[in-house]
Amino acid sequence: MTADNSKIRLTQYASGGGCACKIPPGELEEAVQGLVGFADPNVIVGLDDGDDASAIHVRDDLAVISTADFFTPVCDDAYTWGKIAAVNALSDVYAMGGTPITAINLLAWPRDVLPSELIRDVLHGGMDAATAAGISVTGGHSITAPEPIYGMAATGIVDPAKLMRNDAAEAGLPITLTKPIGSGLLNNRHKATGDVFPQAIEVMTTLNKEASEKAVAAGVKAATDVTGFGLLGHLFKMARASGIDAVIDHTKVPFIDGARETLEAGYIPGGSKRNLDWVRPNVDSDLDGDELLLLADAQTSGGLLVIGEIPGYPVIGETVAGTGRVQVK
């Protein structure tokens, strides 16, 4: 008799979930501080400012983008988790203004705990995300591990003149956000209760391809994607790297349905709390802690945070002259 794998709750086999299980930003920055290797003159973007991916010069009109991203289950359905993880990994390429050309799977699996049949569902989700991006999955690597982990290493290409990076923001430009936030809260509630939030799934499984193409067409030079460090964390990193201030209007920030109610119900991820603790000394605001927690929520497969205006997406603030701080009104 075939086992009914549909009753398995994958989120119960992981201590964290999605990008909320990232190492806290302050702790990570301290760990990698001073790690400078070979000074390759072909590196356009590397470790310096914690950008979304690396960019390596190949010729005047071509650079290669390289990135990797993986995490523990963000939802209980194996196929959906696989698709979200792949979309999230490819997002790093789109955040740099690039076009993905290939990806390889990264998988860890507790073989003695979870049935191997579920691996196929996870990889199927990843393959379908790659197919939607117009690329093939061309290999991968797997290990046995205590927790299920899945993601991808992705390669892309970009014209260096059209590269978007997090240290190129200039003062006097609008700030655009291309997806609503709140997935960290809703994923944490899903893990605790099993409740499913369709808009959160839709947001996390939507490629940032269209947003990236529109940003490049608009001549945008600075962008990042909003993932585990939250909107405030990623915006602060951009402001600090670019030497400007960012001002956002919290009433203009879009949220996924149910995010605010989930915060009020107490389903707050530890990663979101750590994000706010880290970024708070660099944020100027009179808002209460709950409102700032919403803005610091650790996202999984979030949208692009673009310095510039692109058609069809909400403007949530502007950049001004400054020293690398975030102002929230």
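**Entry 1: a strand pair.** I looked up strand β4 (residues 99-109) and strand β6 (residues 149-158) in this predicted model. I found that β4 and β6 are antiparallel and share 9 bridges. As one example, I noted that N105 has M152 in β6 as its bridge partner. I recalled that strands of a sheet pair through backbone hydrogen bonds, in either a parallel or an antiparallel manner.

**Entry 2: the sheet around this pair.** I then traced the sheet of 6 strands, which is open and has mixed pairing. I read its order as β1-β2-β3-β6-β4-β5. At its edges I located β1 (43-45) and β5 (136-144), each of which pairs on one side only. I recorded an average turn of 25 degrees between neighbouring strands, with direction ignored.

**Entry 3: helices on this sheet.** I asked which strands α2 lies across. I found β3 (62-71), β4 and β6, and α2 runs at about 150 degrees to β3. I also saw that α3 packs on the sheet and touches β4, β5 and β6. The direction of α3 makes about 165 degrees with that of β4.

**Entry 4: the two helices together.** I noted that a pair of packed helices is described by the angle and the distance between their axes. For α2 (residues 78-95) and α3 (residues 117-132), the axes come within 7 Å and cross at roughly 40 degrees. I therefore entered α2 and α3 as oblique to each other. The crossing of α2 past α3 is right-handed. I listed residues of α2 that meet α3, among them Y79, W81, V87 and L90. On the α3 side, the residues include L118, V122, H124 and A129. Sorted by class, this contact holds 10 nonpolar, 4 polar and 3 charged residues.

**Entry 5: a second sheet.** I next examined an open sheet of 7 strands, again with mixed pairing, in the order β8-β11-β7-β12-β9-β13-β10. I asked why β8 (223-225) and β10 (283-285) each have one side without a neighbour in the sheet. Each stands at an edge and has a single partner strand, so one side is left without a neighbour. I recorded an average twist of 20 degrees from one strand to the next.

**Entry 6: the edge strand β8 and a helix.** I found that β8 is joined by 3 bridges to β11 (residues 304-307), and that the two run antiparallel. Here D225 has L304 in β11 as its bridge partner. Finally, I looked up helix α7 (residues 230-242), which lies across several strands, including β8, β9 (244-248) and β11. I noted that α7 runs at about 150 degrees to β9.

How values were computed:
Residues numbered from 1 in each chain as written. Predicted model: local features only at pLDDT ≥ 70, side-chain atom pairs only at ≥ 80, totals over all residues. Heavy atoms only, no water. Pairing = 2+ DSSP bridges. Helix = DSSP H or I, 4+ residues; strand = E, 2+ residues; numbered from the N terminus. Axes fitted to C-alpha atoms, helices over the stretch in contact; angles between N-to-C directions. Contact = heavy atoms within 4.5 Å. Parallel < 35°, antiparallel > 145°, perpendicular 65-115°, else oblique. Left-handed = near helix turned anticlockwise from the far one by under 90°. Nonpolar A, V, L, I, M, F, W, Y, C, P; charged D, E, K, R; others polar.
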